[in-house]
Amino acid sequence: GSHSDSPDSIMKVLVGGIHQEANTFSGVRMVYNDFRRYHGAELLDCLTQCRLFKEAGYEVIPAVFATTIPSAPLDRTEFDKFTEDFFSSCNDKGVPDAIYLCMHGAMYIKGVGSGELYFIKKLREKYGEKVPVFASFDFHGNMFPELAEKLNYVTAYKTAPHVDETETGERAVRALISSLKSGKIPEVKCISIPMTFPGEMVITGEFPSCEIQSCTEAIVRDKLAMEVSWFCGFIWSDSMENHMSLAVTSWEFSEELDKRVKAAVNKIWSLRREFHFNIPALEVDEGLHTALERAGNMKKVFLSDSGDNVTAGTSGDNAFMAEAILKYIKKHPSCADRKILITGIADREAVNCCTKREPGEELILSIGGKLDSSSTAVEGCFTLIRTGVIPESRSNKSMPFALVRKGNTDILLNAERYAYTDPRQFEALDIDLEEYDLICIKLGYLYAELEEIANAAYMVFSPGNAPQKPRMIPYAKERKDFYPLADVEFDMDGEWEGWWKRG
């Protein structure tokens with residue numbers, strides 16, 4: 001039962017986590033200092049779901065929550081700075097009654113593999129196997145049996161693009177509270193499904209993803225399991241774990257649950273040929289032509305520079321599309337009157353150069369290609385419109401930006417990698433998207449807030465660290481073992497034999 005009868009026996013819940021989607025193809029070095037780190041009261045303000053513990057009468061011990069935008073992997077030495085940070089924040093607090101972690105699922109440590117597995121093994125070494133560990137994850141995490149079996153509860157976002165982060169955290173916290181109250185600890189089983197796609201092909205509001213989600217939700221609704229979470233996986237991770245998977249949390253694994261989960265996995269596998277892009281995805285020349293033609297008749301046509309999609313962990317400094325657009329306009333003078341915004345090229349040097357000049361001044365700049373040697377740079381004479389500072393947000397410290405112009409094309413430069421996913425980010429920089437015919441953005445799919453204002457949207461197969469065509473991803477390992485890279489056999493009965501009886 002609940003232990004909150006006397007002050008001495010108030011249950012203690014340790015909370016924290018680390019949140020990073022690691023693109024193993026990015027050429028930009030990441031260190032632990034690049035993460036925003038929240039301790040103490042600041043952590044509780046950030047992970048608002050933790051208030052539910054306090055409301056239920058538990059003592060919350062905040063360790064650390066570290067987060068950064070999708071980016072390159074850490075090496076072991078840098079990742080160990082996080083584990084040291086985590087344990088030193090709570091070393092004097094004894095063994096907690098339970099642990100809640102807010103994780104991503106697609107962290108990767110160079111030379112080690114899954115960051116989540118590495119960390120949770122350390123957690124188990126310190127606190128033992130008996131302490132319940134409940135965790136919430138990103139839908140694009142790589143969940144796999146070895147990781148799932150070290151946890152007592154797993155849940156993931158149900159939406160992509162994500163709009164239910166808070167809800168997912170609250171689901172995990174409520175589940176932990178009910179587990180502590182009942183004194184029963186659940187366990188997690190996971191099955192890997194040998195297929196994976198770019199997240200751009202797995203939009204949860206559309207078929208076939210919506211059908212898969214309703215199938216997993218029905219299992220929970222019928223009270224056969226505590227939670228069933230479908231993971232899309234993260235295709236830009238050169239790891240053996242980057243598969244789709246289904247993680248099932250339950251107090252008991254009944255024959256009926258086994259049957260229903262098996263049917264859900266069968267369904268996912270049978271739908272493998274149905275995954276598709278939700279907007280026209282075109283080769284660069286065709287995409288440019290189509291988008292610029294549309295932009296002649298309407299404003300706010302969006303064009304996704306998908307190969308350098310910052311939300312997939314790319315370097316964000318590739319000026320390939322800027323160069324392609326400027327060249328196209330030079331070649332097609334009829335398009336010269338289109339007002340174009342090219343957003344978010346990471347280039348500290350160019351921004352610093354602009355900061356020293358006055359608006360209206362002309363300057364020769366080399367833009368892009370400074371973080372990743374495979375990125376394109378574009379050179380030319382630009383007019384400085386203005387400089388300023390991007391305000392601070394959860395995933396970014398405040399940073400300088402510059403807006404420069406060539407003809408009718410504006411290029412927005414930031415000092416660091418930065419993802420523009422919401423019109424309010426532009427408003428904060430005093431940039432009015434209503435003025436532009438074409439907006440080229442370093443994303444794959446458009447986040448809901450941008451999708452709402454877009455009059456049309458296209459995606460181009462541009463070069464970069466996040467190729468949208470699975471066959472173009474330069475896996476170092478001989479990875480031919482998943483669909484669509486190979487038409488693999490997946491015999492569920494074989495895979496499945498006794499999975500729910502294991503452990």
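The following exchange asks how several descriptions of this predicted model are reached.

Visitor: Why is helix α9 called oblique to helix α10?
Guide: The axes of α9 (residues 284-294) and α10 (residues 320-331) cross at roughly 60° and come within 11 Å. Roughly parallel needs an angle under 35 degrees and roughly perpendicular needs 65 to 115. An angle of roughly 60° fits neither class, so α9 is oblique to α10. The crossing is right-handed.

Visitor: Which residues make the contact of α9 with α10?
Guide: On α9 they are Val284, Leu288, His289 and Leu292, and on α10 they are Phe320, Met321, Ala324, Ile325 and Tyr328.

Visitor: What makes up this contact of α9 with α10 by class?
Guide: It has 8 nonpolar residues, 1 polar residue and no charged ones.

Visitor: Why are α7 and α8 called roughly antiparallel?
Guide: Helix α7 (residues 209-221) and helix α8 (residues 255-270) pack at about 175°, their axes 10 Å apart. Angles over 145 degrees count as roughly antiparallel, and therefore α7 and α8 are given that description. From α7, the contact takes in Glu211, Ile212, Cys215, Ala218 and Ile219; from α8, it takes in Leu257, Arg260, Val261, Ala264, Lys267 and Ile268. By class, 8 of these residues are nonpolar, none is polar and 3 are charged.

Visitor: Which residues of α7 are buried, and what covers them?
Guide: Ser209, Ile212, Gln213, Thr216, Ala218 and Ile219 are buried. Their cover includes α8 as well as strands β11 (227-231) and β12 (244-250). Just after α7, Lys223 has a positive phi of about 60°.

Visitor: How do you know that the span of α3 agrees with its number of residues?
Guide: Helix α3 (residues 76-88) has 13 residues, and at 1.5 Å a residue the expected span is 18 Å. The end C-alpha atoms of α3 are 18 Å apart, so the two values agree. The buried residues of α3 are Glu78, Phe79, Asp80, Phe82, Thr83, Asp85, Phe86 and Phe87.

Visitor: How do you know whether Thr409 is buried or exposed?
Guide: Its relative accessible area is 3%. Buried means under 20%, so Thr409 is buried. Thr409 lies in strand β19 (residues 409-414). Leaving aside residues up to four places away in sequence, Thr409 touches Leu326, Ile329, Ile340, Ile342 and Val404.

Visitor: What separates the C-alpha atoms of Thr409 and Asp85?
Guide: The separation is 45 Å, and the two residues are 324 residues apart along the chain.

Methods: Residues numbered from 1 in each chain as written. Predicted model: local features only at pLDDT ≥ 70, side-chain atom pairs only at ≥ 80, totals over all residues. Heavy atoms only, no water. Axes fitted to C-alpha atoms, helices over the stretch in contact; angles between N-to-C directions. Helix = DSSP H or I, 4+ residues; strand = E, 2+ residues; numbered from the N terminus. Left-handed = near helix turned anticlockwise from the far one by under 90°. Contact = heavy atoms within 4.5 Å. Nonpolar A, V, L, I, M, F, W, Y, C, P; charged D, E, K, R; others polar. Expected span 1.5 Å × (residues − 1). Buried < 20%, exposed > 50% of the residue type's maximum accessible area, 1.4 Å probe, protein only.
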